[in-house]
Amino acid sequence: MNPKVEQVIRARAGRVLRARANALRAEVYGVLEEARVGRGRTYVVTVRGVKRKHTASRPGDPPARLTGRLMESVKVTLLDLDNLVAHVGPDPQAFRGQPYYPFLLEFGTRTIAPRPFMRRAADRFKRAISEGGRPSDAP
């Protein structure tokens, strides 16, 4: 293949990868924003020294927002532009010195039912792509 043509194709593919990865990140934000206020049990929590009421999410629903750290941690990392690989999800660096709770929320534990948010966003994203629409158009 002509090197100039290959360079143009790689550049376009990189732009598409960036756009799709950012669209998936937006889908994750959308799922988390929809679940901002939970529909489960309400209780008093202390966050940064302040007591307040918090309504948790129900099992099977995306996690309700408590501090916003989960949403803030969702990042796009372009790992390998040559092979068009990107990582979209909570950045482990945002949880240094603390348990990596996005995994625990997504898949649950022995005592906590799953609160999937990444899988829900990925399913919406795939459905929108397969239907020929833009990911942000998914319900």
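Helix α4 covers residues 118–130, which makes 13 residues. From its first C-alpha to its last it reaches 18 Å, close to the 18 Å expected at 1.5 Å a residue. Keep in mind that this is a predicted model.

Which residues of α4 are buried? They are Met 118, Ala 121, Arg 124, Phe 125 and Ala 128. Looking down the axis of α4, you'd find these buried residues within an arc of 130°, so they line one face of the helix. That fits a simple rule: an α-helix has 3.6 residues a turn, so residues three or four places apart point the same way. The buried residues of α4 pack against α1 (3–34), β4 (85–90) and α3. Turn to the face pointing away from that buried side and you meet the exposed residues Lys 126 and Ser 130. Just after α4 comes Gly 132, with a positive phi of about 80°.

Now for α3, which spans residues 101–107 and includes Phe 103. Together with Tyr 100, Leu 104 and Phe 107, Phe 103 makes a nonpolar surface patch of about 380 Å².

Is Ser 57 buried or exposed? Ser 57 counts as buried, because its relative accessibility is 8% and the cut-off is under 20%. Ser 57 sits in the loop between β2 (50–55) and α2 (69–73). Leaving aside residues up to four places away in sequence, Ser 57 touches several others, including Gly 38, Arg 39, Pro 62 and Arg 115.

Here are two residues side by side:

| Residue | Relative accessible area | Status |
|---|---|---|
| Ser 57 | 8% | buried |
| Phe 103 | 47% | partly exposed |

Terms used. Residues numbered from 1 in each chain as written. Predicted model: local features only at pLDDT ≥ 70, side-chain atom pairs only at ≥ 80, totals over all residues. Heavy atoms only, no water. Helix = DSSP H or I, 4+ residues; strand = E, 2+ residues; numbered from the N terminus. Buried < 20%, exposed > 50% of the residue type's maximum accessible area, 1.4 Å probe, protein only. Contact = heavy atoms within 4.5 Å. Patch = residues over 30% accessible without salt bridge, like charges linked within 9 Å, V, L, I, M, F, W, Y side chains within 5 Å. Areas by Shrake-Rupley, 256 points an atom, 1.4 Å probe, with all protein chains shown as cover. Salt bridge = Lys/Arg side-chain N within 4 Å of Asp/Glu carboxyl O. Expected span 1.5 Å × (residues − 1). Arc of directions from axis to C-beta.
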